[in-house]
Amino acid sequence: MNSAGGTVPSDLLEAFRSGERFLLSSHAHPDGDAIGSEVALARLLRGSGRAATIWNADPAPVTYSEVTADVPIHVGRTPPAGFPDEFDFAVPLECPRLDRTDLEDALRLLPILNIDHHLGNQLYGRANWVDTEAPAVAEMVLRLAQALDLEIDERTATALYLGLSTDTGSFRFSNATSRAFEAAAELVRHGARPERVAGWVYESQSPGAVRLLAEMLGTLELHCDERVASVRLELSMFERAGACQTDSEGLIDHPRSIRDVEAVALFRERPEGDVKVSLRSRGRIDVGAIASRRGGGGHRNAAGCLVEDRKDEQALMDELATAVEAATADDQSQSGNETAP
Ligand SMILES: [Mn+2]
C-alpha cells in the first residue's frame, strides 16, 4: 500500500533493524536508479556494521563504473557465495514484480523486503514499501536511511543523487516534484556531487553508443501529425556500431526531443530473440497504462513491455496514436473554461 508522504512502514524498519545480512537486487538491465539505490543501500548497511551483497542478473552500465567500484556487484544467474544460508533478507529495489529481477526462483528462498515506486507493484514481499509518489527509489532509500538514522557519506549521497537525477531525466520529467528537489538538496548537503553525476550521464558515452545513436536515428518514423515517433534497434545495428545492449540506455531521449512529439516508442531487438519496447511520453499521456496492459510496467511517462511480432508492434503504435489523440481532444475541450493563473 502507498505510504502517506513517504513514511517508511514499521515492519520494513523492523526488518532492517533486526537483520544483519542483506542480499540486494534490482531489475534486469539495471538503470541509474537501480544501481544508485543498490550501491547506496549497501554502503549504508555496511556503514552500520551489517553485511550487504548486491546480486543482479545483468551488468551495470559502464558509465556508472565509479559508483559500482565502491561496492562490487555479483552479476549473472549463479548465486553469490553463501547463498541462501548466509542471508537474512532479499531486498529487490525498483521491481514491480519479483520476476523483473530475472532471479526470482533464487530470491524467493529468502524473506523479501520489497521497495519500489512503480504503479502496479504486486506486493510480493514479507514487507512491502511501495510509494508511487516517490520520484525515484533513490529518494526512498534516502528516507529509509534517515528513518534508521544511518550515516550518509559523500559517496552514498552521490550514488543516491545518480538515481534521483536519472529517474527524473535530470529534473525535467513530471516526477521532478518538490520531493525530488528536497531530496536533491538534502543529498547535496551530505556531499553529493551533481557535476560528477552529470559527467557520467552526459559525457561518458562509448564510441559504440554514439555510433548506435546514428544507426537508430536512421530508423526514425513520425506518425500521427508528427506527435508520435518510433525508432528501432536491431541486433545488426549493435554489431555494426560495435555497441553492447547497455549502450542503448538513454537513446530514446533523442526522438523525444523533437518539437511536438508527445510519445516515443523504441523497439529493441534483444539477443534472447524477443523485442523490448521502451515508451516515453509527455504530460498526461499514460504509457505506463499501455505497457501494463501488455504485461509490462513503468510510470505514466516512462514504461516498457515486450511485443510479439510486427503486427503486435503496429497494434501498440495504434494505441499510442489513440492516446495522443484523446489527450489532445481533452485539452481542446478544456481550453474553453480555463482561466489564466
Ligand atoms: Mn526508478
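What do the side chains of Arg97 and Asp99 meet in? They come together in a salt bridge, with 3.0 Å from N to O. This is a predicted model, so let's take that pair as a way into its charged side chains and then move on to the metal. As background, side chains of opposite charge can pair when their charged atoms come close. Neither partner here is tucked away: Arg97 counts as partly exposed because its relative accessible area is 24%, and Asp99 is partly exposed too, at 35%.

That pair has plenty of company, since the structure holds 23 salt bridges. Have a look at helix α5, which covers residues 137-147. Arg143 and Glu139 both sit in this helix, 4 residues apart, or about one turn. They form a salt bridge whose closest N and O atoms are 2.8 Å apart. The two ends of this bridge sit in different surroundings: Glu139 is buried, with just 3% relative accessibility, while Arg143 is partly exposed at 23%.

Now for a bridge that reaches across the chain. Arg43 forms a salt bridge with Asp70, and the closest N and O atoms are 3.6 Å apart. This one links distant parts of the chain, 27 residues apart: Arg43 belongs to helix α2, and Asp70 to the loop between α3 (65-68) and β3 (73-75). Asp70 is partly exposed, with a relative accessible area of 22%. The story doesn't stop at two residues, either: Arg43 and Asp70 are linked with Asp153 and Arg155 in a network of salt bridges.

Helix α2 comes up again at the manganese ion, through Asp33. Which protein atoms hold the metal? The donors are Asp33 (OD), Glu94 (OE), His117 (NE2) and Asp167 (OD), and they lie 1.9 to 2.3 Å from the ion. Along the chain they follow the spacing D-x60-E-x22-H-x49-D. Asp33 lies in helix α2 (residues 32-47) and Asp167 in helix α6 (residues 154-167), so this pair ties together parts that are 134 residues apart in sequence. Both of these aspartates are buried.

Finally, head out to the surface. Asp225, Glu226, Asp260 and Glu325 form a negative patch there. To find one of its members, follow the chain to the loop between β7 (221-223) and β8 (228-233), where Glu226 lies. Glu226 counts as partly exposed because its relative accessibility is 47%, whereas Asp33 and Asp167 at the manganese ion are buried.

How values were computed:
Residues are numbered from 1 along each chain as its sequence is written. This is a predicted model: local features need pLDDT of at least 70, side-chain atom pairs count only at pLDDT 80 or more; totals for chains, interfaces and linings use all residues. Side-chain values use heavy atoms; hydrogens and water are left out. Patches are made of residues with over 30% relative accessible area and no salt bridge: like charges are joined within 9 Å, nonpolar side chains (Val, Leu, Ile, Met, Phe, Trp, Tyr) within 5 Å. Accessible areas come from the Shrake-Rupley method with a 1.4 Å probe; for residues, only the protein chains shown count as cover. A salt bridge is a side-chain nitrogen of Lys or Arg within 4 Å of a carboxyl oxygen of Asp or Glu. Lys and Arg count as positive and Asp and Glu as negative; His and the chain ends are not counted. The place of a charge is taken as NZ of Lys, CZ of Arg, CG of Asp or CD of Glu. Helices (H or I, at least four residues) and strands (E, at least two) are DSSP runs, numbered from the N terminus. Buried means under 20% relative accessible area, exposed over 50%, partly exposed in between (1.4 Å probe, protein chains only). Donors are N, O and S atoms within 2.8 Å of the metal (3.2 Å for Na, K and Ca); water is not among the atoms, so sites may look incomplete.
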